Amino acid sequence: MATVERWTGLEVRALRAARRESIEAFAEFLGVSDRMVSKWEARGETIKIRPVNQAALDTALATSTPEVHARFVSLTSSLGSVLPAQRNEGSALPTQRQARHPRDGKKMALVEDGVFLSGADNTPVWLPAFYLDLYPVTNSDYARFVTATGHPAPQHWSKGKCPEAILDHPVVFVTWHDATAYAAWAEKILPTSQQWEKASRGTRGETYPWGNQATPAKCNTRESGIGSTTPVTRYHSGVSSYGVYDMCGNTWEWTSTLSEAGRYELKAGAWTSPFSRITPSAFNDASVDMLDDDTGFRCAVPADAIEALLGS
């Protein structure tokens, strides 16, 4: 599916036309005022749309029907702002293969064995095949773990119960020990920093999950202005080539890679981070006992382990 590199009033008008909606109906769908949509369209390519609204437009396009999407691509064919689904010219993107883990029920993406370009200097590294959670562990996922094991709930849950409004947000206020305990219960492991990076950057060492363009609207960072976590399915246009979400922004994620005694690497950046700090190749770490409102995790499984569980 094609995506928009940067939304202007021209693309907004095209999407509204592709959806065949009035300004009022389109504004209501996006959750903005009709006056704002009118201003975007009137200003055309000169308008600077806020990252939070660009993200809403990304989501609107990604969730459109195939018919709407096809009309939008046709209407924007002369603008040069719509990125084709095939990001890497002349090479195929990884085949996306997914499985649902039988223990915690979360969808996982297969990252096939092979070499990828790692770190700021793009060092070739070979990794065996593994599966990685499509989404960070959410509050809803973590609530099942807490109920099943009696593990302490995160400190921001009122009376040990997660608020309904954030059930689909990534769980936060979890230490490395908490993340490891969940992984053990789910019969998984925390990914290594290199596994995490490969699932984010692909095999060719792209700077970001979506490619090499610095596009803050494709993730939840400080520049988004949201000021909190967001649902893990929100940023459709920011997924990696393996189909994995939130590999930049939203929350930092624990890994199993020890950086020094009592400290482990973190990946992803968070809603509190400036966009300049969320590149997947960047290094960050923290004490095993650190917990904060911008730190969560996701899990991994060796490919042969999950395939054995599924009877493949």
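These questions and answers cover cysteines, buried residues and one helix pair in a predicted model.

Q: How many disulfides does the structure hold, and what is a disulfide in chemical terms?
A: A disulfide is a covalent bond between the sulfur atoms of two cysteines. The structure holds zero of them.

Q: Why is Cys219 not counted as bonded to Cys248?
A: The cut-off for a disulfide is 2.5 Å between sulfur atoms. The closest cysteine sulfur to that of Cys219 is in Cys248, 5.5 Å away, so the pair is too far apart for a bond. Cys299 is in no disulfide either, with the nearest cysteine sulfur, in Cys162, 17 Å away.

Q: What makes Cys219 and Cys299 count as buried?
A: Buried means under 20% relative accessible area. Cys219 has 2% relative accessibility, so Cys219 is buried. Cys299 has 0%, so Cys299 is buried too.

Q: Why is Asn53 called buried?
A: Its relative accessible area is 11%. The limit is under 20%, so Asn53 counts as buried. Asn53 is part of helix α4, residues 51–62. Beyond its neighbours within four places in sequence, Asn53 contacts Val32, Met36 and Trp40.

Q: How do you know whether Thr215 is buried or exposed?
A: Exposed requires over 50% and buried under 20%. Thr215 has a relative accessible area of 7%, so Thr215 is buried. Thr215 sits in the loop between α8 (193–201) and β8 (252–260). Leaving aside neighbours within four places in sequence, its contacts are Glu5, Trp210 and Phe275.

Q: What makes Thr8 a buried residue, and where does Thr8 lie?
A: A relative accessible area of 5% falls under 20%, so Thr8 is buried. Thr8 lies in the loop between β1 (3–4) and α1 (9–19). Outside its neighbours within four places in sequence, Thr8 touches Gly44, Glu45, Ile47 and Ile49. Thr8 and Glu41 are 33 residues apart in sequence, with their C-alpha atoms 7.9 Å apart.

Q: Why is α2 described as roughly perpendicular to α4?
A: Two packed helices are described by the angle between their axes and the distance between the axes. The axes of α2 (residues 23–30) and α4 come within 10 Å and cross at roughly 105°. Roughly perpendicular covers 65 to 115 degrees, so α2 is roughly perpendicular to α4.

Q: Which residues meet where α2 contacts α4, and how do they divide by type?
A: Phe26, Phe29 and Leu30 in α2 meet Ala56, Leu57 and Ala60 in α4. They divide into six nonpolar, no polar and no charged. Phe, Leu and Ala each count as nonpolar, so the division follows.

Conventions:
Residues numbered from 1 in each chain as written. Predicted model: local features only at pLDDT ≥ 70, side-chain atom pairs only at ≥ 80, totals over all residues. Heavy atoms only, no water. Buried < 20%, exposed > 50% of the residue type's maximum accessible area, 1.4 Å probe, protein only. Helix = DSSP H or I, 4+ residues; strand = E, 2+ residues; numbered from the N terminus. Contact = heavy atoms within 4.5 Å. Axes fitted to C-alpha atoms, helices over the stretch in contact; angles between N-to-C directions. Parallel < 35°, antiparallel > 145°, perpendicular 65-115°, else oblique.
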